[in-house]
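Biologist: I would like the labels on this model explained. Please take them one by one and give the reasoning for each.

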Amino acid sequence: MKNYNSSSKLIVLLFAVMNLVISSAIYAGASYDYSRRELMGNSGLAIFRDPDFGNEIGLSISIDGIRVTTLSRGEGYRAMIRPGRHVVTVTDTPSPYGKTKFTHRTIDLLPGRNYSFTALWEVETIRIEDGGFQYHGFYR
């Protein structure tokens, strides 16, 4: 009877470990990139807010003149967009010094590709840099 009890504990422990490994692999995902199957001919776009962007400042994002979201601290934006030429505009909101800063960037998106950008806040301007970082925050 003792042998039966220890083997059942071992089986339960094995299932618990497998469940933990599988759930952590699913949660990790493939970072912020969409797969080619998910894109289906579209382009993936991710825009991150730099951690040093400011405490009480939001990052407002517009694509082709249409406002899509405002990011708070610890947030990022991810979407699938049609390929082609687009204009991404970022602004600080509310402006801490009474003058809103607009930064425009024209991007050419190719089908089936992922693109990522990081917005950096500087006192005089907002910069949009190529590339993002491994993001573990909240997507909008």
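Modeller: What follows takes some of the labels in turn, and the model is a predicted one.

Biologist: Why is E75 called buried?
Modeller: The relative accessible area of E75 is 9%. Buried means under 20%, so E75 is buried. E75 is found in strand β4, residues 75–81.

Biologist: What makes the approach of E75 to S72 a polar contact?
Modeller: The side chain of E75 reaches the backbone nitrogen of S72 at 2.7 Å. The limit for a pair of N or O atoms is 3.5 Å, and 2.7 Å is within it, so the distance fits a polar contact.

Biologist: Why is the pair R85 and D108 called a salt bridge?
Modeller: Their closest N and O atoms are 2.8 Å apart. The cut-off is 4 Å between a side-chain nitrogen of Lys or Arg and a carboxyl oxygen of Asp or Glu, so the pair qualifies as a salt bridge. R85 lies in strand β5 and D108 in strand β6, so the salt bridge ties together parts that are 23 residues apart in sequence.

Biologist: Which of the words buried, partly exposed and exposed apply to R85 and D108?
Modeller: R85 has 59% relative accessibility, and exposed means over 50%, so R85 is exposed. D108 has a relative accessible area of 44%; that value falls between the limits of 20% and 50%, so D108 is partly exposed.

Biologist: How do you know that β5 and β6 pair?
Modeller: Eight bridges join strand β5, residues 84–93, to β6. Pairing needs at least two bridges, so these strands pair, and they run antiparallel. T91 stands opposite F102 in β6.

Biologist: What makes β6 an edge strand?
Modeller: The open sheet of four strands has the order β3-β2-β5-β6, with antiparallel pairing. β6 (102–109) pairs on one side only, as does β3 (66–71), so both are edge strands.

Biologist: Why does R105 with D130 count as a salt bridge?
Modeller: The closest N and O atoms of R105 and D130 are 2.6 Å apart, and the limit is 4 Å, so the pair counts. R105 lies in strand β6 and D130 in strand β8 (residues 126–130), so this salt bridge ties together parts that are 25 residues apart in sequence.

Biologist: What makes you say that the charge of R78 sits over the ring of Y34?
Modeller: The charged end of R78 is 4.1 Å from the centre of the Y34 ring. The distance limit is 6 Å, so 4.1 Å meets that part of the test.

Methods: Residues numbered from 1 in each chain as written. Predicted model: local features only at pLDDT ≥ 70, side-chain atom pairs only at ≥ 80, totals over all residues. Heavy atoms only, no water. Helix = DSSP H or I, 4+ residues; strand = E, 2+ residues; numbered from the N terminus. Buried < 20%, exposed > 50% of the residue type's maximum accessible area, 1.4 Å probe, protein only. Polar contact = N/O pair within 3.5 Å; in protein donor to acceptor, adjacent residues only side chain to side chain. Lys NZ or Arg CZ within 6 Å of the ring centre and 35° of its normal.
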